[in-house]
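Visitor: Could you take me through one part of this structure closely, the ligand and its surroundings, and then work outward into the protein around it? I would like one connected account rather than a list.

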Amino acid sequence: MRGSEPAEAVAHPNIALVKYWGKRDDRLVIPYADSLSMTLDVFPTTTQVRLQPHATHDVVIMDGALARNNARRRIVDFLDLVREQAGRSECAVVKTCNTVPVGAGLASSASGFAALALASTAAYELEYEPAALSRLARRGSGSAARSVFGGFVRWHAGAPDAPDPDRASFAEPLTGTQLDLALVAVLLETGHKSVSSREAMSRSARTSPLFPTWLARTRAEIGEMCAALDEGDLATVGAIAECNALGMHRTMETAVPPVRYRTRDSHRVLQQVRRMRRAGLRAWSTMDAGPNVKVLCATGDAPLVAEELKQATRRRVVVARGGPGAVLRGGS
Ligand code: PMV
């Protein structure tokens, strides 16, 4: 037994180029459709799990403060799942440190649960292959399934009639693409969002008249996106990503009651990106469950795109490139 020696893991957020939006199975976190993302090289989450054999409850410390309510609940539920899979019962102290604002649509749950999956399986001595780790991370937060891997990653929904839906749904890295893609994030707001992505996607799937169309389009876009990445076709990658993200926002904005993450500032940035494109810059927008806009472009153009966006918005702008998968600190 590892005793009280902590296991520590680092994982990075990922941003989807074809989004995951809507679950077929809420408990197992099985999506309706495949999604595809790029893991970033910025905003890592570091998570440490230390078993406490004599403790009677788990302790969760997030960014130096004791986590409470829902934030704590999600981590304890995840530890329960790991303990069940490991056939163990010890409580743990979890210390997690984010370098990205939490709950602002900047993918902190993806890096958070990928790091927690890796650190907790190490602490409870579960030896999981990357695909199994991805399945486990998925149960914490769907998008975390993809942050287990670096670079471009595809998360398979699994067939609706798969005999074991949990087994059928995992992420894996895409090989064979040479596209040097950068992502320029414009940090408009870093506060906690009022509606969780979990609630927003469920509401969209249940009530938006646009959801079936968006889903059918997404299923087609996955294939188109893989082909464009294979060919290193930046313009097609950018155009599909922008169309997919805006389509996702339309589904939530037409849900009942609507969820509006896009603010006036978000619309200004979206417009600015269209303007930059008309002026000849190759740049496309994407957005997640929050008001912040991320701009996709070639790595070589990123400094110019970042400068233009900084001038136009006067906000903090962060340039990211493809980043690594989740790793354990200290070697193993
Ligand atoms: O993993 P969750 O439950 O935070 O869902 C995230 C969903 C989006 O970020 C909006 C899209 C995606 O594919 O990452």
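Guide: A residue is called buried here when its relative accessible area is under 20%, exposed when that area is over 50%, and partly exposed in between. The model is a predicted one, and the account below should be read with that in mind.

The ligand is surrounded by 14 residues, and the closest are Y20, S141, S143, R146 and S197. Sorted by class, this shell holds six nonpolar, five polar and three charged residues. Several pairs of polar atoms can be picked out between protein and ligand. An N or O atom in the side chain of R146 is 2.7 Å from an oxygen atom of the ligand, a polar side-chain atom of S109 lies 3.3 Å from a ligand oxygen, and in the case of G142 a polar backbone atom is 3.5 Å from an oxygen atom of the ligand. On its own the ligand has 380 Å² of accessible area, and the protein covers 92% of that area.

Where does the ligand lie with respect to domain 1 and domain 2? Residues from both domain 1 (7-175) and domain 2 (181-321) contribute to the shell, and the ligand therefore lies between them. These two domains are the ones that the domain assignment gives for the protein chain. Their centres, taken over C-alpha atoms, are separated by 23 Å, and the contact takes 32 residues from domain 1 and 48 residues from domain 2.

From the ligand we can turn to helix α3, which spans residues 130-140. Eight of its 11 residues are buried, so the helix is largely enclosed by the rest of the structure. The buried residues are L133, S134, R135, L136, A137, R138, R139 and G140, a list in which arginines stand beside leucines. Two of the arginines, R135 and R138, lead on to S169, since both are among the residues in contact with S169 when neighbours within four places in sequence are left aside.

S169 is found in the loop between α5 (165-168) and β11 (171-173), and with a relative accessible area of 0% it is buried. The side chain of S169 makes a polar contact with the side chain of W155, at 3.0 Å. Besides R135, R138 and W155, the contacts of S169 take in I30, P31, H156 and A157.

A buried residue with a charged side chain is D58, which lies in the loop between β6 (45-52) and β7 (59-62). Its relative accessibility is 6%, which means that D58 counts as buried. The side chain of D58 makes a polar contact of 2.8 Å with the side chain of R83. With neighbours within four places in sequence left aside, R83 is one of the residues in contact with D58, and the others are R72, V76, L79, C91 and A92.

Within the bounds of domain 2 (181-321), V295 offers another buried position. V295 is found in strand β14 (residues 293-298), and at 0% relative accessibility it counts as buried. Not counting residues up to four places away in sequence, V295 touches A182, L183, V184, V273, A283, W284, V305 and L309. L281 stands 14 residues from V295 in sequence, and the two are 12 Å apart in space from C-alpha to C-alpha.

Some details of the backbone deserve a look as well. Most residues other than glycine have a negative phi, and most peptide bonds are trans. Against that background, F43 has a positive phi, near 55 degrees, although it is not glycine. F43 has its place in the loop between β5 (35-39) and β6, and it is buried, with a relative accessible area of 8%. E125 likewise has a positive phi of about 55 degrees without being a glycine. E125 sits in the loop between α2 (108-123) and α3, and at 42% relative accessibility it counts as partly exposed. Finally, the peptide bond from V256 to P257 is cis, with omega near -10 degrees, and P257 has its place in the loop between α8 (234-253) and α9 (264-278).

Terms used:
Residues numbered from 1 in each chain as written. Predicted model: local features only at pLDDT ≥ 70, side-chain atom pairs only at ≥ 80, totals over all residues. Heavy atoms only, no water. Near = heavy atom within 4 Å. Polar contact = N/O pair within 3.5 Å; in protein donor to acceptor, adjacent residues only side chain to side chain. Areas by Shrake-Rupley, 256 points an atom, 1.4 Å probe, with all protein chains shown as cover. Nonpolar A, V, L, I, M, F, W, Y, C, P; charged D, E, K, R; others polar. Domains from an automatic or database assignment. Helix = DSSP H or I, 4+ residues; strand = E, 2+ residues; numbered from the N terminus. Buried < 20%, exposed > 50% of the residue type's maximum accessible area, 1.4 Å probe, protein only. Contact = heavy atoms within 4.5 Å.
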